[in-house]
Amino acid sequence: MTSTTQLGLPLIQPAQAQKHVTVNEALALLDGMVQLTLVSRSVAVPPATASDGSVWAVPIGAVNDWSGQEGKLALAANGGWVFVTPRRGWRALILDEGALAIHDGAIWREGMATLSPYNAGLAIQVSEVDHVLAPGPVSTTALVIPANAVVFGVTARVVADITGTLTGWALGNPGAAGRFGTGLGLAAGSWARGVLGQPTAFYAPEALQLDAEGGDFAAGTVRLAVHFLELTLPDQ
């Protein structure tokens with residue numbers, strides 16, 4: 001046996017010379033694979049420079065040094081790459097998505113709290129967007145609530161002062177103005193935590209709606225985050 005089963009750590013062999021090389025290689029793998037964080041799972045071109053210990057999930061269509069390594073993890077080490085095959089049940093934080101994910105043996109599935117033998121499960125998700133307010137009494141976002149989502153609430157943070165003739169604003173969705181908060185502040189740093197008394201299912205994609213109170217919007221930016229659950233289908 002030359003390596004461990006789970007992480008593929010190299011094992012020192014009887015009468016092996018330069019044992020420190022094998023030990024250091026194993027420690028480098030541990031440093032990258034334990035408390036796993038992925039820089040990205042969508043970058044197909046290896047970065048020109050990478051800090052030792054940083055890890056990418058290699059996507060389909062990867063090129064250059066990652067060519068032929070699709071589905072593996074690319075660990076930066078000593079100016080090159082070490083490739084590791086993830087196993088079912090491994091968990092990671094995908095940094096550029098801000099999502100926790102679990103590996104099903106083939107792909108990374110973000111937000112999964114449970115995973116059945118055929119990959120059905122319950123996903124805990126956040127959909128986040130910076131919304132630039134349109135002038136007028138109402139400003140509507142793009143479709144930020146996906147179809148078949150069970151929404152628990154929406155949180156918000158004003159990231160650029162809201163200006164205009166208004167005295168406050170309300171947060172809701174079309175047909176339910178203010179359901180996530182009313183009388184909200186205008187200054188940068190103001191926030192909203194709109195928790196629904198009862199989780200609500202949205203069967204079609206939906207936008208959020210911001211309503212000016214006592215006047216109109218002129219400008220401003222609000223960071224919005226929808227917190228919801230999704231039920232994932234089993235594989236065939």
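**Strands, pockets and burial in a predicted model**

Biologist: How many bridges join strand β11 to β12?

Modeller: The two strands, β11 (residues 168-173) and β12, run antiparallel. A strand here is a DSSP run of E of at least two residues, numbered from the N terminus, and two strands pair if DSSP finds at least two bridges between them. The number of bridges joining β11 to β12 is three.

Biologist: Which residue in β12 is the bridge partner of N173?

Modeller: This is a predicted model, in which local features need pLDDT of at least 70 and side-chain atom pairs count only at pLDDT 80 or more, whereas totals for chains, interfaces and linings use all residues. Residues are numbered from 1 along each chain as its sequence is written, and side-chain values use heavy atoms, with hydrogens and water left out. In β12, N173 has as its bridge partner A176.

Biologist: Which are the edge strands of the open sheet to which β11 and β12 belong?

Modeller: The open sheet has four strands in the order β9-β14-β11-β12, with antiparallel pairing. An edge strand pairs on one side only, and this applies to β9 (138-145) and β12 (176-184).

Biologist: By what angle are neighbouring strands of this sheet turned against each other on average, direction ignored?

Modeller: The order of the strands is β9-β14-β11-β12. Axes are lines fitted to C-alpha atoms, and angles run from 0 to 180 degrees between N-to-C directions. With direction ignored, the average turn between neighbouring strands of the sheet is 20°.

Biologist: Why is strand β3 largely enclosed by the rest of the structure?

Modeller: L73, L75 and A77 point one way from β3, while A74 and A76 point the other way. Each of these residues is buried, which is defined as under 20% relative accessible area (exposed is over 50%, partly exposed in between). Strand β3 (residues 73-77) is largely enclosed because its buried residues number five of five.

Biologist: Which residue in β4 is the bridge partner of L75?

Modeller: On one side of the comparison, strand β2 (residues 55-57) pairs with β3 in the antiparallel sense over three bridges, and in β3 the bridge partner of A57 is L73. Strand β4 (residues 80-84) also pairs with β3 in the antiparallel sense, over five bridges. In β4, L75 has as its bridge partner V82.

Biologist: Which residue takes a positive phi in the hairpin of β3 and β4?

Modeller: Most residues other than glycine have a negative phi. The hairpin of β3 and β4 has two residues between the strands. The residue there with a positive phi, near 55°, is N78.

Biologist: Does N64 count as buried or exposed?

Modeller: N64 lies in the loop between β2 and β3. Its phi is positive, about 55°, although N64 is not a glycine. Because its relative accessibility is 56%, N64 counts as exposed.

Biologist: What is the relative accessible area of N119?

Modeller: N119 is found in the loop between β7 (108-110) and β8. Although N119 is not a glycine, its phi is positive at about 70°. N119 is buried, with a relative accessible area of 7%.

Biologist: Which strand supplies the largest share of the lining of the largest pocket?

Modeller: A pocket is an open set of points on a 1 Å grid over the protein atoms alone, where a 1.4 Å probe fits, with protein on both sides within 12 Å along at least five of seven lines; lining residues have an atom within 4 Å of a point. This pocket has a volume, the space filled by probe spheres set on its points, of about 330 Å³. Of its 15 lining residues, G98, A99, L100, I124 and Q125 are the closest to its centre. β6 (99-103) and β8 (121-132) each supply at least two lining residues, and the largest share, five residues, comes from β8.

Biologist: How many charged residues does the lining of the second largest pocket have?

Modeller: The second largest pocket holds about 200 Å³ of space, and its lining includes R41, E70, K72, H103 and W108. Asp, Glu, Lys and Arg count as charged, Ala, Val, Leu, Ile, Met, Phe, Trp, Tyr, Cys and Pro as nonpolar, and the others, Gly among them, as polar. Beside seven nonpolar and two polar residues, the number of charged residues is three.

Biologist: What is the length of the polar contact that joins the side chains of H131 and S139?

Modeller: H131 lies in strand β8 and counts as buried at 9% relative accessibility. A polar contact is a pair of N or O atoms within 3.5 Å, one able to donate a hydrogen and the other to accept it. For the side chains of H131 and S139 the value is 2.7 Å.

Technical notes. Buried means under 20% relative accessible area, exposed over 50%, partly exposed in between (1.4 Å probe, protein chains only).
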